[in-house]
Amino acid sequence: MNKKHIVGYKEIKFEGQYGPVEGLDLYYTFEDPKVVGVGVEKKFISKRVINQSEKFQIGNTVTFTYNQYGKVERVEQAQ
């Protein structure tokens, strides 16, 4: 599993095509042998996933579990 180090987040709330969308844009760094330094990405995490996941905060190292559609299904503390 690829460990991610949380460095920030932004709350997201808007009206989508099928109703309200709430969650976080989670910003994190990760090790990547193809990158000089560290890789940096952001990933949307829905409110439902946040509520079902372990508590996490800036500075934590976590892993993501994805569903069959490639969306984050769970966030867990890295071992």
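**Figure 1. Tyr28 and Phe30 are both buried residues.** Buried means under 20% relative accessible area, exposed means over 50%, and partly exposed lies in between (1.4 Å probe, protein chains only). This is a predicted model, in which local features need pLDDT of at least 70 and side-chain atom pairs count only at pLDDT 80 or more, while totals for chains, interfaces and linings use all residues. Residues are numbered from 1 along each chain as its sequence is written, and side-chain values use heavy atoms, with hydrogens and water left out. Rings of Phe, Tyr and Trp (its six-membered ring) pair if their centres lie within 6.5 Å; planes under 30 degrees apart are stacked, those over 60 are edge-to-face, and the rest are tilted. Under this rule there are three aromatic pairs. In one of them, the ring centres of Tyr28 and Phe30 are 6.1 Å apart and the planes meet at 50°, so this pair is tilted.

**Figure 2. Here are Phe64 and Tyr66, an edge-to-face aromatic pair.** Their rings lie 6.2 Å apart, centre to centre, with 85° between the planes. Phe64 counts as buried because its relative accessibility is 6%. Tyr66, at 39% relative accessibility, counts as partly exposed. Ring pairs join Phe64 and Tyr66 with Tyr28 and Phe30 into a cluster.

**Figure 3. Five strands make up an open sheet.** Step back for a moment to see the whole fold. The protein has one helix and five strands, arranged along the sequence as β-β-β-α-β-β. Helices (H or I, at least four residues) and strands (E, at least two) are DSSP runs, numbered from the N terminus. The strand order in the sheet is 3-2-1-4-5, with antiparallel pairing. Strand 3 and strand 5 take the edges with a single partner strand each, so one side of each has no neighbour in the sheet. On average, neighbouring strands of this sheet are turned by 30° against each other, direction ignored; the axes behind this angle are lines fitted to C-alpha atoms, and angles run from 0 to 180 degrees between N-to-C directions. The C-alpha trace of the protein spans about 40 × 25 × 25 Å along its principal axes. Of its 79 residues, 30% count as buried.

**Figure 4. Strand 1 pairs with strand 2 and with strand 4.** Two strands pair if DSSP finds at least two bridges between them. Strand 1 and strand 2 (residues 19-30) run antiparallel and share eleven bridges. These two strands form a hairpin, with two residues between them. Look for Glu11, whose bridge partner in strand 2 is Leu24. Strand 1 (residues 4-16) is also joined to strand 4 (residues 61-66) by two bridges, again in the antiparallel sense. Here His5 has Thr61 of strand 4 as its bridge partner.

**Figure 5. Strand 4 and strand 5 form a hairpin with five residues between the strands.** Five bridges hold the antiparallel pairing of strand 4 with strand 5. Thr65 stands opposite Arg74, which belongs to strand 5. In this hairpin, Gly70 takes a positive phi near 85°.

**Figure 6. The largest pocket has a volume of about 230 Å³.** On a 1 Å grid over the protein atoms alone, a pocket is an open set of points where a 1.4 Å probe fits, with protein on both sides within 12 Å along at least five of seven lines, and lining residues have an atom within 4 Å of a point. A volume is the space filled by probe spheres set on the points, which are joined across faces, edges and corners. Fourteen residues are not all named here; of the 14 that line the largest pocket, Tyr9, Glu11, Gly23, Leu24 and Ile50 lie nearest its centre. Strand 1, strand 2 and helix 1 (47-52) each give at least two residues to this lining, and strand 1 has the largest share, with five. By type, the lining holds eight nonpolar, two polar and four charged residues. Ala, Val, Leu, Ile, Met, Phe, Trp, Tyr, Cys and Pro count as nonpolar, Asp, Glu, Lys and Arg as charged, and the others, Gly among them, as polar.

**Figure 7. The second largest pocket holds about 180 Å³ of space.** Phe44, Ile45, Ser46, Arg48, Val49, Asn67, Lys71, Val72 and Glu73 line the second largest pocket. Strand 3 (39-46), helix 1 and strand 5 (72-77) supply at least two of these residues each. The largest share, three residues, comes from strand 3. Four of the lining residues are nonpolar, two are polar and three are charged.
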